[in-house]
Amino acid sequence: MILISSFILYSCTDPLIITEAKIDATNNYWTQKTQMDFPFEVTDPNATYKMFYQIRYNNDYPYYNLWVNRILLDEKGNMLSKKLQGMDLFQSASGEPYGAGFGNYFDYKIMSDSIQKFPKAGKYTIRIEQNMRMDTLKGISSVGVEIIKN
């Protein structure tokens, strides 16, 4: 028990984690209008950063994959970049979910396909929008972002 508590305490205070946050979707539905904003601050613009998506979903999710727009905003809200990214939540052949689960829910941490570099020190926001062909996606419980300094 002490080892588990120590690991949790250490991971919460890891100086390399720039941000780690999740936003719950209302009633397990994520609409295209719902933008999930994750503000954070960069103090070292010379470093590179890894970004991860953290998706919590259940068996009600109707597809095997998920497409999102990842938008990087500066502190004034100006768009610095926009990237369409896809990720598989279920294995296409077997239908088995990726990630760890308990009951009907699964947590999956997926690395973004690129290493991020920021133009200067300051405050930024990562905005995540779902970009599927349905306006309302059922089965998405929460969406999160974790940014780690390399």
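1. Strand 5 and strand 9 run antiparallel and are joined by six bridges. One pair in this register is R70, which stands opposite I128 in strand 9. The model is a predicted one, so read every contact below as a computed feature of that prediction.

2. Strand 9 also pairs with strand 3. The sense is antiparallel, over seven bridges. Here F38 stands opposite I126 in strand 9.

3. On to strand 6. Strand 5 covers residues 65-73 and is joined to strand 6 by nine bridges, again antiparallel. N65 faces D88 of strand 6 across this pairing.

4. Put together, four strands make an open sheet, in the order 3-9-5-6, with antiparallel pairing. Strand 3 (36-42) and strand 6 (79-88) are the edge strands, each pairing on one side only. Neighbouring strands of the sheet are turned against each other by 20° on average, direction ignored.

5. Is strand 9 enclosed or open to the outside? Of its nine residues, eight are buried, so strand 9 is largely enclosed by the rest of the structure.

6. R127 deserves a look of its own. R127 lies in strand 9, which spans residues 122-130. Which side chains make polar contacts with the side chain of R127? One is the side chain of D37, at 2.7 Å. Another is the side chain of Q35, at 3.5 Å. The second value sits right at the cut-off, since a polar contact requires N or O atoms within 3.5 Å.

7. The wider surroundings of R127 fit the strand order. With neighbours within four places in sequence left aside, R127 is in contact with Q35, M36, D37, N69, R70, I71 and L73. M36 and D37 fall within the range of strand 3 (36-42). N69, R70, I71 and L73 fall within the range of strand 5 (residues 65-73). In the sheet order 3-9-5-6, strand 9 stands between those two strands.

8. A general reminder for reading side chains here: in a regular strand they alternate between the two faces of the sheet.

9. Confidence next. The protein chain has a mean pLDDT of 89, and 91% of its residues reach 70 or more. Where is confidence lowest, and where is it highest? The lowest is in helix 1 (residues 2-12), with a mean of 40, and the highest is in strand 9, at 97. Over residues 1-11 the pLDDT is below 50, and this stretch has one contact in the model beyond near neighbours in sequence.

Key. Residues are numbered from 1 along each chain as its sequence is written. This is a predicted model: local features need pLDDT of at least 70, side-chain atom pairs count only at pLDDT 80 or more; totals for chains, interfaces and linings use all residues. Side-chain values use heavy atoms; hydrogens and water are left out. A polar contact is a pair of N or O atoms within 3.5 Å; within protein, one must be able to donate a hydrogen and the other to accept it, and residues adjacent in sequence count only if both atoms are side-chain atoms. Contact means heavy atoms within 4.5 Å. Two strands pair if DSSP finds at least two bridges between them. Axes are lines fitted to C-alpha atoms, for helices over the stretch in contact, and angles run from 0 to 180 degrees between N-to-C directions. pLDDT is the predictor's confidence in each residue, from 0 to 100. Buried means under 20% relative accessible area, exposed over 50%, partly exposed in between (1.4 Å probe, protein chains only).
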